[in-house]
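Please open the structure in a viewer and keep the sequence at hand. The tour below proceeds by selections, each followed by a description of what is found there.

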Amino acid sequence: KAPSTRSRISRKSAKSRSHESVSGFTRHTGDEPDLDADGGLQGQPTHKAVSAYTAALSLMRQKQENSMLAEALCEFGDFNACQGGKRGWAAAARAWNDGIDAVLREVDAVKSWRTVVSAIVQDSSVAG
C-alpha cells in the first residue's frame with residue numbers, strides 16, 4: 001500500500017523543504033536566488049524590495065500615517081521572515097516591534113505594553 005500524501009510530506013527533511021522553496025522562487029521569478037551565509041535569500045530583487053519598503057516607511061513616518069505605517073511594517077516583517085536565516089528573522093522581529101510601536105504610539109511598546117494599553121483604556125473611559 002502506498003503511503004498517503006500527508007505522511008510523505010511530513011517525512012520530508014527541512015533541507016528538502018528549503019530546496020523546494022528556492023525552486024518555487026526560481027519558478028515564479030525566473031531568477032536563481034542567492035543564499036547568504038546563514039541560509040537567507042539575498043540578491044538584486046531582495047535589495048530592491050527592501051529599498052522600496054524603506055522609502056515607503058520613511059514617507060509614512062514623515063507624514064505621520066500611523067495606521068498605514070503599522071500595516072506596512074507588518075508586511076515588511078513578513079517579507080523579512082520569508083527571507084529566512086538569522087538576519088531575516090531579526091529584521092522581521094524589528095519590523096513587527098516597530099509596527100506595534102506605531103499602533104500604540106509608544107517607543108518599545110512591546111516591553112511596556114500593559115502600561116501603554118492601561119493608559120489608553122483609562123483615557124478612553126475618561127473621555128467617554
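## A first stop at Leu57

Select Leu57 and display its surroundings: apart from neighbours within four places in sequence, Leu57 is in contact with Leu69, Ala72, Leu73 and Phe76. The model in view is a predicted one.

## The nonpolar core

Extend the selection to Leu57, Met60, Leu69, Ala70, Ala72, Leu73, Phe76, Ala95 and Ala102; these 9 residues form the largest nonpolar core. Colour the helices next, and helix 3, helix 4 and helix 5 (85–104) will each be seen to supply at least two residues of this core. Which helix gives the largest share of the core? Helix 4 does, with 5 residues. As general background, nonpolar side chains in soluble globular proteins tend to be buried together.

Keep Phe76 selected for a moment. Phe76 counts as buried because its relative accessible area is 12%, and the cut-off for burial is under 20%.

## The aromatic rings

Now show the rings of Phe, Tyr and Trp. The structure holds 4 aromatic pairs. Select Tyr53 and Phe79, whose rings form a tilted pair, with 6.1 Å from centre to centre and 35 degrees between the planes. This pair links distant parts of the chain, since Tyr53 belongs to helix 3 (residues 44–63) and Phe79 to helix 4, 26 residues apart. Is Tyr53 buried or partly exposed? Tyr53 counts as partly exposed because its relative accessibility is 23%.

Add Phe76 to the selection. Phe76 and Phe79 form a stacked pair, at 6.5 Å centre to centre and with 10 degrees between the planes. Both residues lie in helix 4, 3 residues apart, or about one turn of the helix. Taken together, Tyr53, Phe76 and Phe79 are linked by ring pairs into a cluster. Phe76 is thus a residue to view twice: as a member of the largest nonpolar core and as a member of this ring cluster.

## Asp78 on helix 4

Remain on helix 4 (residues 66–83) and select Asp78, which has its place there. Asp78 counts as partly exposed because its relative accessibility is 37%. What does the side chain of Asp78 contact? The side chain of Asp78 makes a polar contact with the side chain of Trp96, at 3.3 Å. Add Ala95 and compare the backbone positions: the C-alpha atoms of Asp78 and Ala95 are separated by 8.7 Å, although the two residues are 17 residues apart along the chain. Ala95 has already appeared among the residues of the largest nonpolar core.

## The whole chain

Deselect everything and view the whole chain. The protein chain contains 6 helices and 2 strands, arranged along the sequence in the pattern α-α-β-β-α-α-α-α. Of the 128 residues in the protein chain, 24% are buried. The chain exposes about 9,400 Å², and carbon and sulfur atoms supply 56% of that area. Among contacts between residues at least 6 apart in sequence, 29% join residues at least 24 apart.

## Confidence in the model

Finally, colour the chain by pLDDT. The average over the protein chain is 76, and 65% of the residues score at least 70. Among the elements, helix 4 has the highest mean pLDDT (94), whereas helix 2 (residues 14–29) has the lowest (44). Select residues 3–29 as the last stop: pLDDT stays under 50 over these residues, for which the model has 15 contacts beyond four places in sequence.

Methods:
Residues are numbered from 1 along each chain as its sequence is written. This is a predicted model: local features need pLDDT of at least 70, side-chain atom pairs count only at pLDDT 80 or more; totals for chains, interfaces and linings use all residues. Side-chain values use heavy atoms; hydrogens and water are left out. Helices (H or I, at least four residues) and strands (E, at least two) are DSSP runs, numbered from the N terminus. Buried means under 20% relative accessible area, exposed over 50%, partly exposed in between (1.4 Å probe, protein chains only). A polar contact is a pair of N or O atoms within 3.5 Å; within protein, one must be able to donate a hydrogen and the other to accept it, and residues adjacent in sequence count only if both atoms are side-chain atoms. pLDDT is the predictor's confidence in each residue, from 0 to 100. Contact means heavy atoms within 4.5 Å. Rings of Phe, Tyr and Trp (its six-membered ring) pair if their centres lie within 6.5 Å; planes under 30 degrees apart count as stacked, over 60 as edge-to-face and the rest as tilted. Accessible areas come from the Shrake-Rupley method with a 1.4 Å probe; for residues, only the protein chains shown count as cover. A nonpolar core is a set of buried Ala, Val, Leu, Ile, Met, Phe, Trp, Tyr and Cys residues joined through side-chain atoms within 4.5 Å.
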